[in-house]
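Student: Before we begin, could you take me through the reasoning behind the labels used for a structure like this one?
Tutor: Gladly; let us look at it together and set each value against its cut-off.

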Amino acid sequence: MSVLENLNEKQKEAVLHTQTPLLVLAGAGSGKTRVITHKITYLINEKHIPLDKILAITFTNKAAQEMKQRIKKTLSLEKEPQWISTFHSLCVKILRQEAQNIGLDKNFVIYDEEDSKKTLKDILKELNLDLETYKPEKTKSIISSIKQDMDESILEFYEFTMPHIRQIYQKYQDTLKQNNAVDFDDLLLLTVELFLKNREILHKWQSKFDYILVDEYQDTNKIQHKLLKLLTGDRTCITVVGDPQQCIYTWRGANPNNILEFEKDFPNTKIIKLEKNYRSTTQILQTANKIISNSKGKWKEKVLKLWTENKEGEKVKLAVLSTDKKESEFIARKIKDYKSQGYLYSDMTVLIRMSFLTRNIEEALLRADIPYQIIGGVKFYERAEIKDILAYLKISLNPKDTQAFKRIINLPPRGIGQKTIDKIKQYYKTDWIQAVYDAYDEFSNKVKLGLQSFLELVQYVQKYANQQPAQTAKYIYDAIDYENYLQNKYTNDWEDRVANIKELFNALQEVEKSGKTLTQFLEESSLSQAQDNLENTNTVKIMTIHASKGLEFPIVFIAGLEEGIFPSGRAFEDIEQMEEERRLFYVAVTRAKEKVYLTYAKQRSSFGNRFQETKQSRFIKEIKEELEILGKKRPPKTQKKVISDELRIGQLVSHELFGKGVIKSINDNRVTVIFEKEGEKTLKKGFLKGL
């Protein structure tokens, strides 16, 4: 098969261009993955670059796995390519090899968000600081910003209201190092710092790759951009693919300037636009183009106009429902209709801007006996029961891991309290297991019995975990009578948790069969993402729009198109945030292949089964002429318009002095409101009037 077979002219141009840096602006459904996989094949077959000298980076494990499978099939390989990965997976590989150069053991552990927040809580307690002033979630977010921007001057801004933030940051980093641990942001930061400090190591990794390809470039942050510049050096061997219109992650550090100004950082860049869409109907694309045509500022320069040779298709439909319950019932009814027409449940998805909307939708699907899966909830490897068993395995590999030790020392309860842990801490020198041995004689016979059972179990795990992880996990489960523990602690859903543990055993058996080490498995589980839980089952998928990125479905329902929900109330005070909300709407619509339903409720339920009036999303107004409007009936007369004294987040309110606004948060009698003209204000409830 020719490497250029089944490619259009623009795609061919992108595959063949290697003389200068290349920026491929690829619209939704324009075949960008096809371009990347064909280009890898071209580089191997025509440019004679070995596969292991080509680095391809994408943003999700799911996308990386799909790309590996495509390349494996195209090149008839026995094994998957090892240098197709996410940014974080790439940096893990580099840091495992270079661990001694950054003061870590190669068996370092990766802390997830929960581990990081627990570490911060411990630090705040140790420093005797107020958890309200230094909320672990907010503090972790600040630390992430510092690392993603490689800019400790950010601390100066927060020191006005959080005077101890610098001390917390330093202690957090010291604690991670002491635990032989890194957080997600460290994976990137430590790699970049290593390259900047050690030119010899940088040159080694530059020479490792003869060509670099990056997908979803609009989602890169400053440090990822810096990493690519370092790996590329003064060479021209880089192709990046992305779509500024799908930049929806600035809230977690994505820097749109990386793609908007790519040619400034990589001189002589060639730009190729992929605007032919292979996914959606003409009507869907017309609506999508209309949405994004309202973009402002520098975004306009790189706006793509999608077109297709696909059929005309149906207009995007707008369903206006009287209440949120009716909205969910409408969606369930339509799903049933399409199922009776021959569609599968898995052909359909319900996309939402905010996760609280799932409750009504779930209830409606349950009543209609429609099978569904929620994507983007608690990730499998972040479930409490999974983390409990994995903590025993982690401590066997890395006995310095404080969070793993604290999780299991009294799990199940074996009479070991905080005083015992504090005493053990005084004996800590090299690791926690040794500290338990050293402190052993300090305790009563009752505590010694508990410590003895703990040490015997850990000894077994240390001996067998790496070679027989599945068998060892099963041994832990039985030895601590974990099923009984779950029954006592989680009376409602303990059986589901037991099923999750059994699924963990299956996953560990796969590790044994594949020849991977326990370290590799723990690394992959730490880097798991929301879409990794996407089951290939005949179920309707319910997810946030952010979680839907990169996916496609024949039929898409987008619910809750109301001011304060979509767009989010937070965007009212910030033009850039509002632009991102518009791009998010564009992403939602372009997930669809055949049909799109937009829905909103004129009244949304509040506390005490009362209703609050809503306001139609501004995005609907912008595209109204493109829509087919359904359900124009007014709410039944029996339904009274209620302006409740009980205010809710996202509600439209007015103030005599400040005008109209949207409620951002409520704390007892104090309400924080984002006003259209006056910005954010915190006021007493009595001064606000619901609209």
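**Reasoning from values to labels**

Student: What makes W205 count as buried?
Tutor: In this predicted model, W205 has a relative accessible area of 3%, and because buried means under 20%, W205 is called buried.

Student: How do you know that W83 is buried or exposed?
Tutor: The relative accessible area of W83 is 4%, and since the limit for buried is under 20%, W83 is buried.

Student: Why is the pair of W83 and W205 called edge-to-face?
Tutor: The centres are 6.0 Å apart and the planes stand at 75 degrees; rings pair if their centres lie within 6.5 Å, and planes over 60 degrees apart count as edge-to-face, so W83 and W205 meet both conditions.

Student: What does this pair tie together?
Tutor: W83 lies in the loop between α3 and β3, whereas W205 lies in helix α10, so the pair ties together parts that are 122 residues apart in sequence.

Student: What makes K93 a charge over the ring of W83?
Tutor: The charged end of K93 sits 4.8 Å from the centre of that ring, where the distance cut-off is within 6 Å.

Student: Why is T599 called buried, and what makes its link to E327 a polar contact?
Tutor: T599, which is found in strand β14, has 0% relative accessibility and therefore counts as buried, while its side chain and that of E327 come to 2.7 Å, and a polar contact requires N or O atoms within 3.5 Å.

Conventions. Residues are numbered from 1 along each chain as its sequence is written. This is a predicted model: local features need pLDDT of at least 70, side-chain atom pairs count only at pLDDT 80 or more; totals for chains, interfaces and linings use all residues. Side-chain values use heavy atoms; hydrogens and water are left out. Helices (H or I, at least four residues) and strands (E, at least two) are DSSP runs, numbered from the N terminus. Buried means under 20% relative accessible area, exposed over 50%, partly exposed in between (1.4 Å probe, protein chains only). A polar contact is a pair of N or O atoms within 3.5 Å; within protein, one must be able to donate a hydrogen and the other to accept it, and residues adjacent in sequence count only if both atoms are side-chain atoms. Rings of Phe, Tyr and Trp (its six-membered ring) pair if their centres lie within 6.5 Å; planes under 30 degrees apart count as stacked, over 60 as edge-to-face and the rest as tilted. A charge sits over a ring if NZ of Lys or CZ of Arg is within 6 Å of the ring centre and within 35 degrees of the ring normal.
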